[in-house]
Amino acid sequence: MSDRGFDCIEASAPGSIMVTGEHAVVYGHKAIVCAIDQRLRVKLTPMDERRISIRSEIAPAIECDLDDFEIGGPLRFVLATVATFRDDLQHGLSIEISSEIDPTMGLGSSSAVTIAMLAALGRITHQSCEPLKVHATALQIVRQLQGRGSGADLAASVFGGMISYEAPADEQ
């Protein structure tokens, strides 16, 4: 283990498909959502400088100051998740993202990267990785970035399997 508290943390989350109710769930009805076999993986390694270095197969690399960065672009879900934990991080991070999920197919890659990042950052900062809390935090991030979202694909990435999902009452 490094003097920064960890050598590296890895986490993964599955993509998802909506079986039924993709639009109905936004209006307070139930949907059936299912995790898929393809997963997205993140590997976080501490850096001495308070910087972020993000490498991904789907977007150009990003290097920025941990304490001052804009949230946007194709890695906006990663950046928004890091921003959620920024005050609790004692060091910078090198983030490597690899994925079996095709980001052009609508298979929940944004949800998977958000969930995987929350799990990894939660472990680094010793915060709760309890699934309902992870889902609630991820839903907050998605709504911050998109304006709205049911959270169904997030639920599949958190809980796995096939589930019946109804959006929290505050979305209806």
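Thr125 counts as buried, at 13% relative accessibility. Keep in mind that this is a predicted model. Thr125 sits in the loop between H2 and H3. Its side chain reaches the backbone oxygen of Leu121, and the distance there is 2.8 Å. Setting aside residues up to four places away in sequence, Thr125 touches Phe85, Asp88 and Leu89.

The second residue I want to show is Ser94, which has its place in strand S5. Is Ser94 buried or exposed? Its relative accessible area is 18%, so it is buried, because the cut-off for that class is under 20%. Again leaving out residues up to four places away in sequence, the contacts of Ser94 are Lys43, Leu44, Thr45, Met47 and Ser53.

Now the largest pocket. Its volume is about 790 Å³. The lining consists of 37 residues, and those closest to the centre of the pocket are Gly108, Ser110, Ser111, Gln146 and Asp153. Which elements give two or more residues to this lining? Two strands do, S1 (9-20) and S5 (92-99), along with four helices: H1 (76-85), H2 (109-124), H3 (131-146) and H4 (152-159). H2 gives the most, with four residues.

As for the make-up of the lining of the largest pocket, 18 residues are nonpolar, 14 are polar and five are charged.

To tie this back to the start: strand S5, where Ser94 is found, is among the elements that give two or more residues to the lining of the largest pocket. H2 and H3 are also among those elements, and Thr125 is in the loop between them.

Terms used. Residues numbered from 1 in each chain as written. Predicted model: local features only at pLDDT ≥ 70, side-chain atom pairs only at ≥ 80, totals over all residues. Heavy atoms only, no water. 1 Å grid on protein atoms, 1.4 Å probe; cavity = no way out; pocket = protein on both sides within 12 Å on 5 of 7 lines; lining within 4 Å. Points joined across faces, edges and corners; volume = space filled by probe spheres on them. Nonpolar A, V, L, I, M, F, W, Y, C, P; charged D, E, K, R; others polar. Buried < 20%, exposed > 50% of the residue type's maximum accessible area, 1.4 Å probe, protein only. Contact = heavy atoms within 4.5 Å. Polar contact = N/O pair within 3.5 Å; in protein donor to acceptor, adjacent residues only side chain to side chain.
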